[in-house]
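Please walk through this structure with the sequence and the model side by side. The path leads from strand pairing to the packed interior and ends at an annotated position.

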Amino acid sequence: ACTVMVSRYDPKTKKIHHYPVTACLVPICSLHGAAVTTVEGVGSIKTRIHPVQERLAKCHGTQCGFCSPGMVMSIYTLLRNHPEPTPEQITEALGGNLCRCTGYRPIVESGKTFCAVSNDKKYFFNSCTSLSISEVPFVFCFVEMCTKLYNEDEFQPFDPTQEPIFPPELIRMAEDPNKRRLTFRGKRTTWITPVNLNDLLELKTSFPEAPIIMGNTAVGPSIKFRDEFHPVFISPLGLQELYFVDSTDDGVTIGAGYSLAQLNDALHFIVSEQPKEKTKTYHALLKHLRTLAGAQIRNMATLGGHVVSRPNYSDLNPILAAGNATINLISKEGKRQIPLDGRFLEKSPEANLKSEETVLSVYIPHSTQWHFVSGLRIAQRQENAFAIVNAGMSVKFEDGTDTIKELQMFYGSVGPTVVSASKTCQQLIGRKWNDQMLSDACRLVLDEIYIPPDAEGGMVEYRRTLIISLLFKFYLKVRRGLNKMVRTTSLGLWFVSALEDFPIETPQGIQMFQCVDPHQPPQDPVGHPVMHQSAIKHTTGEAVFVDDMPPISQELFLAVVTSTRAHAKIILIDTSAALALPGVVDVITAEDVPGDNSYQGEIFYAQNEVICVGQIVCTVAADTYAHAKEAAKKVRIVYEDLEPRIITIEQALEHNSFLSAEKKIEQGDVEQAFKYVDQIIEGKVHVEGQEHFYMETQTILAIPQEEDKEMVCTYVTLGTYLFQEYVAAALNIPRNRIACHTKRAGGAFGGKVSKPALLGAVSAVAAKKTGRPIRFILERGDDMLITAGRHPLLGKYKIGFMNNGVIKAADIEYYINGGCSPDESELVMEFMVLRSENAYYIPNFRCRGRPCKTNLPSNTAFRGFGFPQGIVVGEAYITAVASQCDLTPEQVKEINMYKRTSRTAHKQTFNPEPLRRCWKECLEKSSFSARKLAAEEFNKKNYWKKRGLAAVPMKFTVGMPTAFYNQAAALVHIYLDGSVLVSHSGCELGQGLHTKMIQVASRELNIPESYIHLSETNTTTVSNATFTAGSMGADINGKAVQNACQILKARLEPVIRKNPRGTWEWGKCLFFSLLTSLLRGYQTNMDWKKGEGNAFPYFVYGASCSEVEVDCLTGAHKLLRTDIFMDAAFSINPAVDIGQIEGAFVQGMGFYTIEELKYSPEGVLYSRGPDDYKIPTVTEIPEEFNVTLVHSQNPIAIYSSKGLGEAGMFLGSSVLFAIYDAMAAARRERGLTKTFTLSSPATPELIRMTCVDQFTDMVRLVRRAPC
């Protein structure tokens, strides 16, 4: 979201260079002479919006809007350099951006509208007879279907000649022949920009310890996260002597000032000019440059900085070392060269730079005919992620032979530095390049490179396996090259697939939905793909989030002090050092809470005891956040550890530690049924947790009022009533004194239901004590630590079934890690148990579940509310049954799926016809059977890569089992000018709730949407609102708005009858008209004593099919295609609903594959930011992504619609089970057991170590202690 465009003039080339950067990493002093363009500078609703902003909005590429400015700036910067980009350039430009809402597909599509030729095929047809099955992937008869969510004719033309000019004054500055040294002096630091190379060398002599700052990608994070301090910075940014490319017959020398993006361009040019045999090192570098970080960082980080910082995870340094690169250094004493080799990368003292030296350039020699160079890597996701293990390898042969003359292997991320396997290489000199050499090399390198069991980052066996797996890939690549040059044994087809990395493709797909009835009045927006109400404001950066609100007089900032122990007694809290620092106003502790410090089991400030790492012990209020944060570090807390310390579910079961009583549903006689089945299987399933990773962290502005103990709070939440309730409890005042305002949230996904309430109480107590406004914004690391996320699950099953695949009995147990306090854990478990059967009828079924109490931060609500975890257990035992019966999982699903109107295990009647339809269409229109056969054929021919397909059905629920949660309220004003103001109890989180409410009001009042305004959610206008969750926001609030509008319309009837030909100005005849509508909503009930009830108002059905390809050597996977069929009934807004489905699917796909939370045995969260926790990027989404909204009836909901905000989350599990299908194929080929333990997420580590082979066996055999 913080991407901006920096523009600089190059006096040498006389050209202007535009490039994207991450604003939060760019020092202000480094921008002297540069032009900076922000999203507000691109276009504004106050003047004129830019085509990039318009198309991102109209293509529905924005939901919450928090990431939208970054998306705009990335595409805009690309267009400034390439007015007609390729789809591949669009995808690459977006690679450094994260979005948690949309699923990326519409963002990419908005960018592709600028491409000269679009690869996407868009279809529009009015009936199933318009196109044949061969022309379109899937067609529903009897319903008119559309595939256009936007109209390109509405786009304003893009004219690249109309962009703002580069400031002439900056050109004059750049060409000034009399430039002088530039110095900025602050209170603690000095920034110096030298005027030329000699000046730089003088400065390095005077300040030898001063870091050289170019891109600030290494020093900046060290200052922020490791508290490094430097009194002097030297920045030669723009120094011409550091920016050059010098090509000779032997190699190329590249200036140290070149950014990695400029390095990429230079290497592409060199590759195009030189014969292939000379460019092997350059090709290896280019491959890694494509996925290294994102475009923003590649434009900031420099070659010289990357080389000398020598990070242990470097993707480039191992390749440069393997390619025999040399570093050219310069100082006042002169020039010298040092080899970029193992000694340098391992930071040997004799190979280090002298303190007064700086890097002038890097020389990379050409490769030769008998010289092979490769770069290899594997990361948690394909791009913008540190490598789990990477390598640079090279081998040189005696001319005309396969005899090794020189061999080099360098590995990253296997130790504190890049490691050279020099001893191994030395022992292999003179050997033939054959299988025996490979076997010996693997053994030797495992013996040489030791990763201790407690190594940072863990995954020891996996990383050791990767060391030799990557070596094997290199071996095969060289073998293939040698085959073209000398007579050696050719590679079999089985091995060829191991050679190629997964390509990065631009995603495409089709979105299908029911067309609007042609007889519907043109003014009626219901059913149309209407753009999000705030979309244009999102894309111009003018949508106001809490942190955008201007400072308030006497405002203070709050910083938290959190527990560092999982379970301990507080002996002492010493705040004296913190209070002595400048700007600090107060330190707030439990003693300062005027009301309840513990409310409904939630503790605001720890008192006497801490029960998890990350629990808030106290907060510091200061005049700036920097002062508050610095003071928070000075608070000294003395602990005394307590027992037991319970971290895992297994430990909780051992100590009988639970948060609530068991929940159970049961039908039939399970124990009796087990006696009459052919087979019984038992198993366990682990499903790990998930971080919400909303783009906008928890943010609260609490303003104490001077009268009547009032408190005004502006914040981001899903539940205003809960926030109000907690603040009132903490302050010991009535709720009517607390005014709560929520305009929009930058994503939530369940993480802003209960957590803002607790944090609101914390901030309100601080505001109360200081008497001043409090601005409380959690940094990402603190947010992840304090607020936790989705509940990890341990599922146990015992299944009785017949040999034909019919399941007769199931006994399921769920245990979730609830953390240290109740939060939503009991309710999550209720949902998990009630939904446990999913789409399958099992006549004898029992499910029991309990939330465990542990010493972790309390887990909370998350999109899907237990369903995405719990149903994995069901799909796992379906898969296990299929394996035992020699059937496919899809056959077992079909056999056991509900087929007629039935009662669920909790005795609720439903009709599964829409479920059956979604399932049938999914299998047929995705060509599942044909593609399954094709995958099997692919697997026969490829030993190291496997494809897998899986289809999953879904019976999801909407609403809550408790009736009073299913209510909403609305307030509608008609003003004298005919304009309408709508307020309701729902919160806008990016899900388009306000947009749908405007559509409802427009239809009911029969007026254009432009007449209607919807501002915010506010407890002073609509009170006692339930939370916006359970996929029911549009359902219940829509009914409330509809009810209010209908009553107002009835009031207008007498006026309308008198003037039937009149217009909406009828409203002017009413002096004042408003109505508060409180809707009781859905009537639901659940009797847990009996284990039965009509727990939910209705069900949402769906099915998805995904196909993946897995690299068995590394554990990487590629999602090739996904087809989703979702029962939407009648969609109020297809663009919003499809966006919710796609976004939920991608979030679910991340949950089931790459998103991994890591805790220490002591309960410390390791993954506390984007470096350690990886959500999907644009390269993770399906290459082909098709979504169809299936039409059905749902008379209980407004306009026969359905709530679709969460349902798509579980459909992401089709990727998980497709991966398991691929892994099962690999294991079958290797003669391993048919069934194996299924766990989630299916990370690269899990995939690789499940695909057991000679390399994993070798690692498990070769275990040794360090020398």
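**Strands, cores and an annotated residue**

Ile-378 stands opposite Val-389 in strand 14, and this pair belongs to a ladder of nine bridges through which strand 13 and strand 14 (residues 387-397) run antiparallel to each other. The model is a predicted one. Strand 13 (residues 371-379) has nine of its nine residues buried, so it is largely enclosed by the rest of the structure. In a regular strand the side chains alternate between the two faces of the sheet. Taking strand 13 face by face, His-371, Val-373, Gly-375, Arg-377 and Ala-379 are buried on one side, while Phe-372, Ser-374, Leu-376 and Ile-378 are buried on the other, which leaves both faces covered.

Another part of the model holds an open sheet of five strands, which are arranged in the order 8-9-12-10-11 with antiparallel pairing. Strand 8 (245-247) and strand 11 (334-339) each have a single partner strand and stand at the edges, so one side of each is left without a neighbour in the sheet. From one strand to the next, the twist averages 20°. Within this sheet, strand 10 (residues 326-331) and strand 12 (residues 358-365) are joined by five bridges and run antiparallel, with Thr-326 standing opposite Tyr-363 in strand 12. Helix 10 (residues 280-291) packs on the sheet, where it touches strand 9 (251-255) and strand 12, and its direction makes about 120° with that of strand 12.

Turning to the interior, the largest nonpolar core has 296 residues, of which Tyr-411, Trp-433, Ile-799, Ile-812 and Tyr-877 touch the most other members. Helix 17 (residues 460-483) gives the most to this core, contributing 13 residues. If neighbours within four places in sequence are left aside, the contacts of Trp-433 include Val-395, Phe-397, Phe-474, Tyr-475, Val-478 and Leu-482, and also Asp-402 and Arg-479. Apart from the largest core lies another, of 53 residues, which counts Tyr-258, Ala-266, Leu-286 and Leu-340 among its members.

Which residue does UniProt list for "active site"? The record, an unreviewed entry, names Glu-1206, and in the model this residue lies in the loop between strand 45 (1184-1190) and helix 35 (1208-1211). Is Glu-1206 buried or exposed? Its relative accessibility is 10%, and because the cut-off for buried is under 20%, Glu-1206 counts as buried. Leaving aside its neighbours within four places in sequence, Glu-1206 is in contact with Phe-862, Arg-863, Gly-864 and Phe-865, as well as with Phe-956, Gly-1030, Ser-1031 and Ala-1144.

Key
Residues numbered from 1 in each chain as written. Predicted model: local features only at pLDDT ≥ 70, side-chain atom pairs only at ≥ 80, totals over all residues. Heavy atoms only, no water. Pairing = 2+ DSSP bridges. Helix = DSSP H or I, 4+ residues; strand = E, 2+ residues; numbered from the N terminus. Axes fitted to C-alpha atoms, helices over the stretch in contact; angles between N-to-C directions. Contact = heavy atoms within 4.5 Å. UniProt positions renumbered as here; feature names shortened; annotations may be inferred. Buried < 20%, exposed > 50% of the residue type's maximum accessible area, 1.4 Å probe, protein only. Core = buried A, V, L, I, M, F, W, Y, C linked by side-chain atoms within 4.5 Å.
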